[in-house]
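Here is a quick walk through one structure, from its loops to the place where its chains meet. Have the viewer open while you read.

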Amino acid sequence: MNTPEFYRRRQKAIVFLGLMLFALILFFIQIWLFVMTLENMLAGRTAMAVPGAIASLALFATNLWMLRGVQRLMKIN
Amino acid sequence: MNERLQEEFPIEWEDDHFVTRREFFRFLTLASGGLALGTVAVAAYSKIPKGQRSFDPALICKVADLKPGTSLHFSFPRPSDLCLLICRKDGKYVAYSRRCTHLSCPVQYEVGDHVERLYCPCHNGAFSVDDGRVLQGPPPHPIPQLMLEQRGDEIWATGIKVGEEA
């Protein structure tokens with residue numbers, strides 16, 4: 001029953017869950033960045049617009065990188 | 001047991017679709033991309049120079065109607081857009097919106113020996129007559145300045161300079 005394959009799958013599932021939770025946290029940070037940029041733009045303050053956009057793009061790149069890592073992880077037997 | 005469960009809770013399992021963790025992760029990444037795109041769009045829009053907006057010129061008054069250190073109320077471009085034409089102490093003409101950028105109270109032209117400013121009595125806000133910037137109080141933005149043109153002995157309003165960030 002407890003074959004090496006069993007432990008490998010369990011480990012993969014835990015790693016996957018961890019990555020997904022981290023991606024979710026980054027997603028919420030992106031929501032906050034979007035709302036902050038929009039609010040500041042409407043108030044006429046544009047100083048943080050470009051840094052906010054850069055940060056959001058960096059978070060998206062991180063999410064994309066993690067997705068590719070997950071897909072690679074799933075392919076490994 | 002399963003047969004009885006399916007009898008009492010008939011769910012069409014073939015039509016049901018569970019979202020797998022992989023699909024959820026993909027969707028999360030897609031939503032993340034959408035948010036990044038939205039933030040970039042907002043940042044790009046905020047960097048577009050707003051400049052000024054022109055309207056049909058409107059005659060305000062004649063030059064002789066205002067003495068230095070006095071002001072005149074008028075509406076431009078719509079009747080509900082209250083404005084203030086000021087003949088400054090040095091004789092120059094400037095015009096601003098009368099609505100305070102805090103809570104839209106009408107501002108007054110305050111002039112004295114050592115003071116010349118736009119004053120909002122509601123919350124003790126004040127703006128400069130040079131460029132409309134905030135001098136004191138809670139207003140978050142400079143007060144919008146109007147574009148004026150002198151045609152002979154007449155003063156005309158031609159547009160509004162869109163406000164810059166405070």
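## Asp65(B) and a long-range neighbour

Asp65(B) sits in the loop that runs between strand 1 (52–62) and strand 2 (70–75) of chain B. This is a predicted model, so take everything below as read off predicted coordinates. Is Asp65(B) buried or exposed? Its relative accessibility is 52%, and the cut-off for exposed is over 50%, so Asp65(B) counts as exposed.

In sequence, Asp65(B) and Asp153(B) are 88 residues apart, yet in space their C-alpha atoms are 9.9 Å apart.

## Strand 1 and another distant partner

Asp56(B) has its place in strand 1 of chain B. With a relative accessible area of 66%, Asp56(B) is exposed.

Asp56(B) also takes part in a long-range pairing: Ala157(B) is 101 residues away along the chain, but the two C-alpha atoms are separated by 8.4 Å.

## Backbone details in the loops of chain B

Now for some backbone geometry. Which peptide bond is cis, with omega near -10 degrees? That would be the one from Phe76(B) to Pro77(B). Pro77(B) belongs to the loop between strand 2 and strand 3 (82–87) of chain B.

Ser104(B) has a phi near 65 degrees, which is a positive value in a residue other than glycine. You'll find Ser104(B) in the loop between strand 4 (93–97) and strand 5 (108–111) of chain B. Its relative accessible area is 40%, so Ser104(B) is partly exposed. Asn124(B) is also a residue other than glycine with a positive phi, near 65 degrees. Asn124(B) lies in the loop between strand 6 (116–120) and strand 7 (125–128) of chain B. At 40% relative accessibility, Asn124(B) counts as partly exposed.

## How the two chains are built

Chain B has two helices and 10 strands. What order do they come in along the sequence of chain B? The pattern is α-α-β-β-β-β-β-β-β-β-β-β, so read along the chain, the helices precede the strands. Chain B has 166 residues, and 35% of them count as buried.

Chain A comes to two helices and zero strands. It has 77 residues, with buried ones making up 30%. The exposed area of chain A is about 5,200 Å², and carbon and sulfur atoms supply 72% of that.

## Aromatic rings, within and between chains

Next, the rings. A pair of aromatic rings is described by the distance of the centres and the angle of the planes. How many aromatic pairs does the structure hold over all chains? There are three. One of them is Phe16(A) with Phe25(B), a tilted pair at 5.9 Å centre to centre and 55 degrees between the planes. Phe16(A) is in helix 1 (residues 4–42) of chain A while Phe25(B) is in helix 2 of chain B, so this pair joins two chains. Both Phe16(A) and Phe25(B) are buried. Phe27(A) and Phe28(A) form another tilted pair, with 6.1 Å centre to centre and 55 degrees between the planes. Phe27(A) counts as buried, because its relative accessibility is 15% and the cut-off is under 20%.

There's also a charge over a ring to look at. Arg151(B) lies over the face of Trp156(B), 4.5 Å from the ring centre.

## A cavity with residues from both chains

Last stop, the empty space. Rolling a probe the size of a water molecule over the atoms shows where empty space is left. Searching the whole structure turns up one cavity of 30 Å³ or more. Its volume is about 30 Å³.

Which residues line the largest cavity? Chain A supplies Leu67(A), Val70(A) and Gln71(A), and chain B supplies Arg22(B), Phe25(B) and Arg26(B). The elements that give two or more residues to this lining are helix 2 (49–75) of chain A and helix 2 (21–46) of chain B. Sorted by class, the lining has three nonpolar, one polar and two charged residues. Phe25(B) turns up here as part of the lining, having already appeared as the ring partner of Phe16(A).

How values were computed. Residues are numbered from 1 along each chain as its sequence is written. Chains are lettered from A and ligands numbered from 1 in the order in which they are written. This is a predicted model: local features need pLDDT of at least 70, side-chain atom pairs count only at pLDDT 80 or more; totals for chains, interfaces and linings use all residues. Side-chain values use heavy atoms; hydrogens and water are left out. Helices (H or I, at least four residues) and strands (E, at least two) are DSSP runs, numbered from the N terminus. Buried means under 20% relative accessible area, exposed over 50%, partly exposed in between (1.4 Å probe, protein chains only). Accessible areas come from the Shrake-Rupley method with a 1.4 Å probe; for residues, only the protein chains shown count as cover. On a 1 Å grid over the protein atoms alone, a cavity is a set of points where a 1.4 Å probe fits but cannot get out, and a pocket is an open set with protein on both sides within 12 Å along at least five of seven lines; lining residues have an atom within 4 Å of a point. Grid points are joined across faces, edges and corners, and a volume is the space filled by probe spheres set on the points. Ala, Val, Leu, Ile, Met, Phe, Trp, Tyr, Cys and Pro count as nonpolar, Asp, Glu, Lys and Arg as charged, and the others, Gly among them, as polar. Rings of Phe, Tyr and Trp (its six-membered ring) pair if their centres lie within 6.5 Å; planes under 30 degrees apart count as stacked, over 60 as edge-to-face and the rest as tilted. A charge sits over a ring if NZ of Lys or CZ of Arg is within 6 Å of the ring centre and within 35 degrees of the ring normal.
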